[in-house]
Amino acid sequence: MTSRPLPEYLVRRYQGWRATTYAGNRPWYRRLAEEGQRPRAMIVACCDSRVHVASIFGADSGEFFIHRNIANLIPPFKPDGDHHGTSAAVEYAVRELRVAHLIVMGHSQCGGVKGCYDMCSGHAPELLEATSFVGRWMDILRPGYEALPPGDDAERVQALEKLSVKVSLDNLLTFPFVRSAVEDERLTLHGLWNDIGEGTLETWDEARGEFVVL
């Protein structure tokens, strides 16, 4: 058997949600179903369970088109006929949904970024294996690692977390339809970094070349 019933605690949570949140907002959910989605923004965030994008921005259903992956990375444009889930999500958001904003949000204590740091510094040989999906995905961030200044490991890992956002923003502009939308002022790109423990957000300031606290 490949699929089994949901754990009971999830069943109870679903039933509670349907009896309260859904029941109190039924017209809104039915409108979303009938009219389709019209999100104003796409957010690319990490899979990390501690990063709760909707809560941070107090978002309702239908507000954000959210894509999550390991370390909130966006690969370069590479139309090679292979499977590209993140690139497909970006294409759909920009071309079909025509979002006005595309936000890349990194975060503190990111396990994917730490794995990349360890791999690139020679301390995670298992991630160098050709069969490692995580390792090959984190190769996207190698340019960020190579740009790190010398220093304390903890400081360099945090710097690499922020560079994961910058690398992704740079890679977004390799997609012709993204660059075109940005140049035509139909789309704006934004970079954020969330300190989980402090609850703060920092935003990438292109003019200053650094992250600044919101």
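This is a guided tour of a predicted model, moving from the whole chain to helix α4, its surroundings, and then to a second helix, α5.

**The whole chain**

Begin with everything displayed as a cartoon, where the secondary structure comes to nine helices and six strands. Taken along the principal axes, the C-alpha atoms fill a box of roughly 55 × 50 × 40 Å. If you colour the 214 residues by accessibility, 39% of them count as buried, and a surface representation would cover an accessible area of about 12900 Å², of which 52% belongs to carbon and sulfur atoms. Among contacts between residues at least 6 apart in sequence, 62% join residues at least 24 apart, and several of the stops below give individual examples of pairs separated along the chain.

**Helix α4 and its buried residues**

Select residues 85–97, which form helix α4, and show side chains for T86, S87, A89, V90, A93, V94 and L97, the buried residues of this helix. Around them, bring up strands β1, β2 and β3 together with helices α6, α8 and α9, since these are the elements against which the buried residues of α4 pack.

**The crossing of α4 and α9**

Now add residues 176–183, helix α9, and look at how the two helices are placed: their axes come within 10 Å and cross at roughly 35 degrees, and the crossing is left-handed. Which residues of α4 meet α9? On the α4 side they are V90, E91, V94 and R95, and their partners in α9 are F177, V178 and A181. Coloured by residue class, this contact divides into five nonpolar residues, two charged ones and no polar ones. An α-helix has 3.6 residues a turn, so residues three or four places apart point the same way. With that in mind, it is worth viewing V90 and V94 together, as both are buried residues of α4 and both take part in the contact with α9.

**The end of α4 and the loop to β3**

Follow the chain out of α4 to R98, which takes a positive phi of about 55 degrees just after the helix. Continue to V99, placed in the loop between α4 and β3 (101–107). Is this loop residue buried or exposed? V99 is buried, because its relative accessible area is 3%, and buried means under 20%. Beyond its neighbours within four places in sequence, V99 is in contact with P39, R40, A41, M42, A93, R186 and L187. A distance label between the C-alpha atoms of V99 and R38 should read 8.0 Å, although the two residues are 61 apart in sequence.

**Strands β1 and β2**

From here select strand β1, residues 41–46, and within it A45, a buried residue with a relative accessible area of 0%. Not counting residues up to four places away in sequence, A45 touches V51, V53, H67, R68, N69, N72 and M105. One of these partners, N69, lies 24 residues from A45 along the chain, with 6.7 Å between the C-alpha atoms.

Another partner of A45, H67, is in strand β2 and counts as buried at 16% relative accessibility. Its side chain makes a polar contact of 2.8 Å with that of T86, which leads back to α4, where T86 is among the buried residues. With its neighbours within four places set aside, H67 is in contact with M42, I43, V44, A45, G85, T86 and A89.

**Strand β4**

Move next to H190 in strand β4, residues 188–195, which is partly exposed, with a relative accessible area of 29%. The side chains of H190 and T188 are joined by a polar contact of 2.8 Å. Leaving aside neighbours within four places, H190 is in contact with H101, L102, I103, V104 and L169. The C-alpha atoms of H190 and I43 are 9.3 Å apart, for a pair 147 residues apart along the chain.

**Helix α5**

End at residues 111–120, helix α5, which is largely enclosed by the rest of the structure, because eight of its ten residues are buried. These are G112, V113, G115, C116, Y117, D118, M119 and C120, and they pack against α6, α7 (142–146) and α8. Just beyond the helix, the last selection is G122, which takes a positive phi of about 85 degrees.

Technical notes
Residues are numbered from 1 along each chain as its sequence is written. This is a predicted model: local features need pLDDT of at least 70, side-chain atom pairs count only at pLDDT 80 or more; totals for chains, interfaces and linings use all residues. Side-chain values use heavy atoms; hydrogens and water are left out. Axes are lines fitted to C-alpha atoms, for helices over the stretch in contact, and angles run from 0 to 180 degrees between N-to-C directions. Helices (H or I, at least four residues) and strands (E, at least two) are DSSP runs, numbered from the N terminus. A crossing is left-handed if the near helix is turned anticlockwise from the far one by less than a right angle, and right-handed if clockwise. Contact means heavy atoms within 4.5 Å. Ala, Val, Leu, Ile, Met, Phe, Trp, Tyr, Cys and Pro count as nonpolar, Asp, Glu, Lys and Arg as charged, and the others, Gly among them, as polar. Buried means under 20% relative accessible area, exposed over 50%, partly exposed in between (1.4 Å probe, protein chains only). A polar contact is a pair of N or O atoms within 3.5 Å; within protein, one must be able to donate a hydrogen and the other to accept it, and residues adjacent in sequence count only if both atoms are side-chain atoms. Accessible areas come from the Shrake-Rupley method with a 1.4 Å probe; for residues, only the protein chains shown count as cover.
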